[in-house]
Amino acid sequence: MDNNTSSLNVNESAVFRDGRSGLSVAPQVSFLAVVIFVAVTANGLVCYVIHRTPHLHNVINIFLVSMSISDLLHALLKMSTTLASTIQRDWYPHSAVCYVTTPFGVLFGAASVFNLCAVALNQYFVIVKPFHYMTLMTPTHARRVITGLWLGSIVISLPPIFWRTPDIICKSGAVAKEYYWSEVSYICALWLFVVIIPSIIMVWSYGKIFCTARKQIQRMRNENTLFDESCSSSTRKKELRVVALLALIGGIFLVCWVPFFIVMTLLKFSSIKVDVKYFRGFLFLMYAKSAINPILYTIMNQDLKKYCRKLLCPRTLLHKENAMLMKAYKNGHQNQHNGGKNLDVSPETALTLETNRL
């Protein structure tokens, strides 16, 4: 290594080209191949279903499509190069390829995180500020927000290519001494804009959503004069479901991203010896987030889940819908028999149902 670089620092390029250390190549290749396949398939399915279904053309799904595109491109353009460098050390035909592919990790990773924040803020306005939502977040406004998110992702991904030499960006991954403070400033910017601020936004948004949902459930409990023990148990289950879903969203983000950033920072800027297998493991965990996102948000979005099932299992969904129609018919017949009394859905109930669809 050149004298103007620090031998204590290493990044993804150097780590993956050392096939003799840490984990063996076969498990790495297998795991990356599975993650790429799941990410491409799941995110592609989400985009296709939303595009083909006019009923799903709404603001929340605009953000989901943007996030799915970022995760899809992350799998195709960045994870594939990691897979190639794991199999073959000098896979790139020219150093110019490294200058093109290196920013992809930050570009698509940041775009995915920024879209996660947009989804969280969108759901905050849906639940906490429902009367202002229609004016604050129109489809046009949503597209402008997405454009800004992608432009921000491009801006934050490009700086390193202006000072890193071909040897550093393609092989050693070291930090050049003359650009030490540039690297420090850049890693601080990544921590701030990709980890810290998004974490604050998501914790704050989902915390507010949970508090609002809990208040509405409590109001329903107080207003229901016939609230028996079984209803109390059902309401408690709703509260726990809201807590679990919101904790799952924030928890998965923190678990998948924070460990990698910690290890990367230590490897690049400290004298602490960290086994490169931890870098690999946490990088793979961060990559896995691109495969988890579409599955998680499809499960939580009842409409999207319904149309995905309709595409993948049309007969099963048809039988289920027929059973639901028969049940509704029987309930309606029973209501007529009891004097035509129907249950009205209050705004609070509607709000709670919307919360449960997060």
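**Figure 1. Arg 164 and Glu 183 are both buried.** In this predicted model, the two residues form a salt bridge. Their closest N and O atoms are 2.9 Å apart. The pair links distant parts of the chain, with the two positions 19 residues apart in numbering terms. Arg 164 sits in the loop between helix H6 (139-157) and helix H7 (166-172). Glu 183 belongs to helix H8. The count for the model comes to one salt bridge. Side chains of opposite charge can pair when their charged atoms come close.

**Figure 2. The chain as a whole has 13 helices and zero strands.** From the N terminus on, the elements run α-α-α-α-α-α-α-α-α-α-α-α-α. The chain has 358 residues, and buried residues make up 44% of them. An unreviewed UniProt entry lists "transmembrane region" for residues 29-50, 62-84, 104-125, 145-164, 184-206, 242-267 and 279-300. Two of these listed stretches can be set against the model. Residues 29-50 are 100% helix and 0% strand, with end C-alpha atoms 32 Å apart. Residues 62-84 are also 100% helix and 0% strand, and their end C-alpha atoms are 32 Å apart.

**Figure 3. Helix H3 covers residues 59-87 and has a kink.** The kink is about 35° and is centred on Ala 75. At 1.5 Å a residue, the 29 residues of H3 should span 42 Å. The end C-alpha atoms of H3 are 41 Å apart, which agrees with that expectation. H3 is mostly covered, with 21 of its 29 residues buried. The stretch 62-84 from the UniProt list falls within the residue range of H3.

**Figure 4. Ser 30 of helix H2 lies 9.3 Å from Leu 83, C-alpha to C-alpha.** In sequence, Ser 30 and Leu 83 are 53 residues apart. Helix H2 takes in residues 25-52. Ser 30 counts as partly exposed because its relative accessibility is 44%, and the partly exposed class runs between 20% and 50%.

**Figure 5. His 57 occupies the loop between H2 and H3.** Is His 57 buried or exposed? His 57 is exposed, because its relative accessible area is 51% and the cut-off for exposed is over 50%. His 57 and Pro 139 are 9.1 Å apart in space, C-alpha to C-alpha. Along the sequence, His 57 and Pro 139 are 82 residues apart.

**Figure 6. Ser 153 of helix H6 is buried.** The relative accessibility of Ser 153 is 0%, so Ser 153 counts as buried. The C-alpha atoms of Ser 153 and Val 194 are separated by 9.4 Å. Along the chain, Ser 153 and Val 194 are 41 residues apart.

**Figure 7. Five residues make a nonpolar surface patch of about 420 Å².** The patch is made by Leu 192, Phe 193, Ile 196, Ile 197 and Ile 200. Ile 197 is placed in helix H8, residues 180-223. An α-helix has 3.6 residues a turn, so residues three or four places apart point the same way. At 32% relative accessibility, Ile 197 counts as partly exposed.

Definitions and conventions
Residues are numbered from 1 along each chain as its sequence is written. This is a predicted model: local features need pLDDT of at least 70, side-chain atom pairs count only at pLDDT 80 or more; totals for chains, interfaces and linings use all residues. Side-chain values use heavy atoms; hydrogens and water are left out. Helices (H or I, at least four residues) and strands (E, at least two) are DSSP runs, numbered from the N terminus. The expected span of a helix is 1.5 Å times one less than its number of residues. The bend at a residue is the angle between axes fitted to the seven residues ending there and the seven starting there. Buried means under 20% relative accessible area, exposed over 50%, partly exposed in between (1.4 Å probe, protein chains only). Patches are made of residues with over 30% relative accessible area and no salt bridge: like charges are joined within 9 Å, nonpolar side chains (Val, Leu, Ile, Met, Phe, Trp, Tyr) within 5 Å. Accessible areas come from the Shrake-Rupley method with a 1.4 Å probe; for residues, only the protein chains shown count as cover. A salt bridge is a side-chain nitrogen of Lys or Arg within 4 Å of a carboxyl oxygen of Asp or Glu. UniProt positions are given in the numbering used here, feature names are shortened, and annotations may be inferred rather than shown by experiment.
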